[in-house]
Each structure stands twice: as C-alpha cells, then as structure tokens.
Amino acid sequence: MTFAEARLARRAFLLLTASLPFVVPSAAQAQMDPSRAANFIKSTGDALVAALNSSAPVAQRREHVANILSRAVDIEGTGRFILGRWWRVASAAEQQEYLRLFEETLIRNLASRFGEFQGVRFSLGRSQQRTEDDALVTTIVERPNSGPLNLDWRVAEVGGQPRIVDLVAEGTSLRLTQRSEYSAVIQRGGNQVSALLTAMRNQLHQLQQRS
C-alpha cells in the first residue's frame, strides 16, 4: 500500500512552504519562557538559512539541514502524537519500527527539499505564552520568486531543552494534518498499524531513490 497521490501532493506543498516539521512535546516539560523560545527559533532559523544559502553542493546542504532539524525537533514526541490512538494498538516491535521509519522519512523528506533552496531570508515577529507548557513565536520567511510566508512556531521545554512542538502554516497545523493522514492509511489497511509501516517503507524507498 502507498499513500494516495492527492495526500502526498498536499503534504509536499505544506512541507515545501515550511522550514521545519510539526512536532508535539514529550510528556514531561516545564513552562516555556517566550523570550527563550524566540531565541531558540532565531538561532535555528539562522542556522537553516546559513545552510540553505551556502555555496556548498546540494548534497552537503541537505546533510547540514538534516543535522539542524534532528537537533531542533522532538522526533519521538512527534511520532507518538501523530500515531495517536494507534500507538496503543501497535505492538512493541511495531512502535519501535514506526519511530525509526518516522525519523528517517521526516528528516530525509525535509532535507531533500530544503537542501535545494537558496536566497532564503528569515525574520522574527512577536513571541507570546500560548499555554502553560509552550510559547508561540511568529516568523516571516521570504523565498525567491515567492511572497513572504508567515509561520507560527510552538516551542516547549522537552528534556530541559527548547524544541519545536508544532508549526502553523497558513492556518494549518502540520502535526494535525499528518495525524489525519496516517490514521487514514491505517484504517484503509484494516485498522492495522502494519499497513502504515508498509506505506512508510515505500515512501522512504522513493526518497532514497531521489537522493
């Protein structure tokens, strides 16, 4: 089973218009200070822009972007939230395999796209407390031959470090979009998490062929 073409197209568009993925925090976290969140987003954004706008070959830019994303994103929290109620249905082996596939497909997908971009500019807007656990940071991303894009980033303390826990692009929460898509794949596969794992392996194979 593979992802439906329409769903892949929509997901690709959202990922291409964003700089980082949608993430949910781990269970234990402290209150997030808005100024600390803003500093984290600025340093992460500056690092991404420097990588994207460098004169290095595309392959090196992709690798650099992948390293930045791996440090900035709470991969395990993201994967568990997106799998949602199906996490409890999955066996321990399926949970482990899912998290492995999720991390590799997420980072490869983003790095392969962003690693080709150049001429990107990034600026901070306001930051504010969103809930007791996370803060919201508004940014503006400017890309060549495209209008400016407003992105809202949710940042939380995860394991004592700030991590991105969601990104809202044009009013769309990326983590909620992915959660809906993964659930649909499982339901079409007879409510079996193995159906999603097969689809993720197929997607990863396609990404590896393009790299």
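This report describes the principal pocket, the aromatic and charge–ring pairs, and one buried strand residue of a predicted model.

## Largest pocket

The largest pocket of the predicted model has a volume of about 210 Å³. Its lining comprises 10 residues, of which R62, A66, I107, R108 and A111 are the closest to the centre.

Two helices, α3 (58–72) and α6 (92–114), each supply at least two residues of this lining. The greatest contribution comes from α6, with 5 residues. By chemical class, the lining of the largest pocket consists of 4 nonpolar, 2 polar and 4 charged residues.

## Aromatic pairs

Across the whole structure, a search identifies 3 aromatic pairs. In one of them, the ring centres of F102 and Y182 are 6.4 Å apart and the ring planes stand at 90°; the pair is therefore edge-to-face, the class for planes over 60 degrees apart. This pair connects distant parts of the chain, since F102 belongs to helix α6 and Y182 to helix α7 (residues 174–188), with their positions 80 residues apart in sequence.

Helix α6 thus appears in two settings: it gives the most to the lining of the largest pocket, and it carries F102 of the edge-to-face pair. Ring pairs also bring in Y98, which is linked with F102 and Y182 into a cluster.

Are the two partners of the edge-to-face pair, F102 and Y182, buried or exposed? F102 has a relative accessibility of 1% and counts as buried, because the cut-off for that class is under 20%. Y182, also at 1% relative accessibility, counts as buried by the same criterion.

## Charges over the ring of F81

Which arginine residues lie over the ring of F81? R175 lies over the face of F81, at 4.4 Å from the ring centre. The charged end of R179 likewise sits over the ring of F81, with a distance of 4.3 Å from its centre.

## D134 in strand β2

D134 is found in strand β2, which spans residues 134–142. With a relative accessible area of 2%, D134 is buried, because this value falls under the 20% cut-off.

What surrounds D134 beyond its neighbours within four places in sequence? With those neighbours left aside, the residues in contact with D134 are M32, Q129, R154, V155, A156 and V165. The description of this residue therefore joins a buried position, at 2% relative accessible area, with a contact set that includes R154.

Conventions: Residues are numbered from 1 along each chain as its sequence is written. This is a predicted model: local features need pLDDT of at least 70, side-chain atom pairs count only at pLDDT 80 or more; totals for chains, interfaces and linings use all residues. Side-chain values use heavy atoms; hydrogens and water are left out. On a 1 Å grid over the protein atoms alone, a cavity is a set of points where a 1.4 Å probe fits but cannot get out, and a pocket is an open set with protein on both sides within 12 Å along at least five of seven lines; lining residues have an atom within 4 Å of a point. Grid points are joined across faces, edges and corners, and a volume is the space filled by probe spheres set on the points. Helices (H or I, at least four residues) and strands (E, at least two) are DSSP runs, numbered from the N terminus. Ala, Val, Leu, Ile, Met, Phe, Trp, Tyr, Cys and Pro count as nonpolar, Asp, Glu, Lys and Arg as charged, and the others, Gly among them, as polar. Rings of Phe, Tyr and Trp (its six-membered ring) pair if their centres lie within 6.5 Å; planes under 30 degrees apart count as stacked, over 60 as edge-to-face and the rest as tilted. Buried means under 20% relative accessible area, exposed over 50%, partly exposed in between (1.4 Å probe, protein chains only). A charge sits over a ring if NZ of Lys or CZ of Arg is within 6 Å of the ring centre and within 35 degrees of the ring normal. Contact means heavy atoms within 4.5 Å.
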